[in-house]
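Me: I'm new to reading protein structures and would love some company. Could you take a close look with me at how a few helices meet in this one, and then at some unusual spots in the backbone?

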Amino acid sequence: MATIGFTLTFWAWNLIAPIASWYGDRLDLSSSEQSLLVAVPVLVGSLGRIPVGALTDRYGAKRMFPLVSALTIVPVLLLILAKDSYAAMLAVGFLLGLGGTTFAIGIPLVNSWFPPAKRGLALGIFGMGMGGVALSGYFTPRIAEHGENLPFVVVACALAVYAVLAFLLVTDRPGRPVPTDSLATRLGRAGRLRVTWELSALYAIGFGGIVAFGVYLPTYLKTWYELDPTDAGTKAAGFALVTVVFRPFGGWLSDRVHPALVTSGALGFAALLAIVQAFDPPLNPGGTIALLGMAAGLGTASGSIFALVSQVTPQPQVGSVTGIVGAMGGLGGFVPPLVMGAIYSAKDSYSIGFMLLSDLALAGCVYAYGRMRNVTPTSDGERSGEVRKVAARRP
């Protein structure tokens with residue numbers, strides 16, 4: 001149920017991106033304006049994870065999942081009314097960011113039900129819900145061909161059905177620790193953990209790269225490789241699908257190898273292929289191989305990073321830490337579309353943007369290997385949250 005809810009709300013969160021070129025033509029938008037349009041929901045959905053994660057710690061996923069799913073219906077339907085005004089679209093995009101906050105609801109729910117040795121795979125499976133981006137990229141433009149308002153109606157109905165099912169079927173683990181401190185206190189405690197910000201930086205690269213490509217890849221393929229919107233959306237959906245498949249792989253591998261090593265290798269692989277794509281290879285086969293390879297690396301890293309989160313975070317604080325880490329990951333996806341759009345407008349090239357991605361991924365690769373592999377996982381995530389370093393760690 002958590003994975004299904006994550007999938008549907010992520011589809012809603014990404015409704016604008018697959019048909020952004022249609023809005024661009026309809027409203028006569030520049031590349032930068034179009035980039036801002038697809039980036040606003042990412043920003044709000046990312047920052048919103050911080051309070052939503054903390055609220056999930058307090059009230060549980062049984063309340064939060066149906067509530068957030070139901071509220072997301074409102075901006076989805078408002079997209080129908082806002083389509084002729086750029087300002088209105090930005091405002092609705094702000095509200096649409098609510099759909100991106102369910103990540104911070106599902107992580108503490110799933111984490112609480114599984115023992116530490118199985119959390120990597122379990123969280124990876126939940127993370128497959130980001131396949132909602134792939135579903136949106138593939139189905140949204142195709143449904144729109146049968147009616148420009150139809151995608152929004154379909155998604156709103158799906159969210160309504162899920163909200164009812166989540167209310168009936170989602171169950172918090174009996175006896176889960178319920179914090180009694182205020183929201184500000186809990187967020188402050190999570191923010192004082194050094195590991196929170198270390199993991200935030202890594203997740204901003206890994207998951208941020210996924211989100212950035214999810215929202216901007218259709219525009220990139222249409223602009224640079226001159227694909228039609230439907231074909232561009234299909235190929236972007238393929239990219240997202242690869243990240244979905246490799247996220248549980250990253251979690252599964254992290255149950256067997258230190259997740260920091262998995263993260264380091266995955267980000268290094270993504271950095272290498274970002275350099276390849278910076279040289280603008282033909283889409284078939286060079287560009288396709290490079291983009292799908294980056295998807296595999298970023299997807300693996302996203303799964304392994306949250307396997308590490310589950311190991312070193314006290315159970316009562318998982319929601320709060322997840323909210324902060326998830327927010328930073330989403331913010332990592334907010335900036336690149338704006339940068340890519342600005343660079344293309346100024347230089348008529350995307351190469352600089354891909355080289356910047358490779359630099360960030362390589363930095364994450366080095367830090368994960370040099371620092372994070374020396375973090376000792378807690379035995380059950382129930383400790384005070386202080387993270388011990390050890391002199392030697394098995395590879």
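Reply: What follows is a walk through some helix contacts, an aromatic cluster, two single residues and a few backbone details.

Before we start, please keep in mind that this is a predicted model.

Let's begin with helix α8, which spans residues 116–127. One partner is helix α1, residues 2–13, and the two pack at an angle of about 35° with their axes 8 Å apart. If you want to find the contact on your screen, look for A2, T3 and F6 on the α1 side, and for I125, F126 and G127 on the α8 side. Sorted by class, the residues of this contact are four nonpolar and two polar, with no charged ones.

Another partner of α8 is helix α7, made of residues 103–113. The axes of α7 and α8 come within 10 Å and cross at roughly 150°. Because angles over 145 degrees count as roughly antiparallel, α7 is described as roughly antiparallel to α8. On the α7 side of the contact you will find F103, G106, I107, V110 and N111, and these meet R119, A122, L123 and F126 in α8. Here the classes come to six nonpolar, two polar and one charged. The crossing of α7 and α8 is right-handed.

Did you notice F126? This residue of α8 takes part in the contact with α1, and F126 also appears in the contact with α7. That brings us to the aromatic rings. F126 belongs to one aromatic cluster together with F6, F10, W13, F103 and Y203. Across the model, the count comes to 13 aromatic pairs. One of them is formed by F6 and F10, an edge-to-face pair with 4.5 Å from centre to centre and 65° between the planes. F6 and F10 both sit in helix α1, four residues apart, which is about one turn of the helix. Both F6 and F10 are buried.

Next, let's visit a different pair of helices. Helix α2 covers residues 20–27 and helix α3 covers residues 31–47; their axes come within 10 Å and cross at roughly 130°. With that angle, α2 and α3 are oblique to each other. Their crossing is right-handed. From α2 the contact uses A20, S21, Y23 and G24, while α3 brings Q34, L37 and V38. Four of the residues in this contact are nonpolar and three are polar, with no charged ones.

L37 is worth keeping in view, as L37 is also among the residues in contact with Y86. You can find Y86 in helix α6, residues 86–96. Setting aside its neighbours within four places in sequence, Y86 touches L27, L29, E33, L36 and L37. There is a good example here of how a chain folds back on itself: Y86 and D28 are 58 residues apart along the chain, but their C-alpha atoms are separated by 9.5 Å.

Now try S69, in helix α5, residues 61–82. Is S69 buried or exposed? S69 is buried, with a relative accessible area of 0%. If you again leave aside neighbours within four places in sequence, the residues in contact with S69 are T9, L159, Y162 and A163.

Finally, let's turn to the backbone. Most residues other than glycine have a negative phi, and most peptide bonds are trans. With that in mind, three places deserve a look. The peptide bond from N284 to P285 is cis, with omega near 0°. P285 lies in helix α15, residues 283–312.

Then there is E226, whose phi is positive, about 60°, although E226 is not a glycine. You will find E226 in the loop between α12 (194–224) and α13 (229–254). E226 is exposed, with a relative accessible area of 69%.

D280 also has a positive phi, about 55°, and D280 is not a glycine either. Its place is in the loop between α14 (259–278) and α15. D280 is partly exposed, with a relative accessible area of 26%.

For a good way to end your tour, go back to F126 and follow its contacts into α1 and into α7.

Definitions and conventions: Residues are numbered from 1 along each chain as its sequence is written. This is a predicted model: local features need pLDDT of at least 70, side-chain atom pairs count only at pLDDT 80 or more; totals for chains, interfaces and linings use all residues. Side-chain values use heavy atoms; hydrogens and water are left out. Axes are lines fitted to C-alpha atoms, for helices over the stretch in contact, and angles run from 0 to 180 degrees between N-to-C directions. Contact means heavy atoms within 4.5 Å. Ala, Val, Leu, Ile, Met, Phe, Trp, Tyr, Cys and Pro count as nonpolar, Asp, Glu, Lys and Arg as charged, and the others, Gly among them, as polar. Angles under 35 degrees count as roughly parallel, over 145 as roughly antiparallel, 65 to 115 as roughly perpendicular and the rest as oblique. A crossing is left-handed if the near helix is turned anticlockwise from the far one by less than a right angle, and right-handed if clockwise. Rings of Phe, Tyr and Trp (its six-membered ring) pair if their centres lie within 6.5 Å; planes under 30 degrees apart count as stacked, over 60 as edge-to-face and the rest as tilted. Buried means under 20% relative accessible area, exposed over 50%, partly exposed in between (1.4 Å probe, protein chains only).
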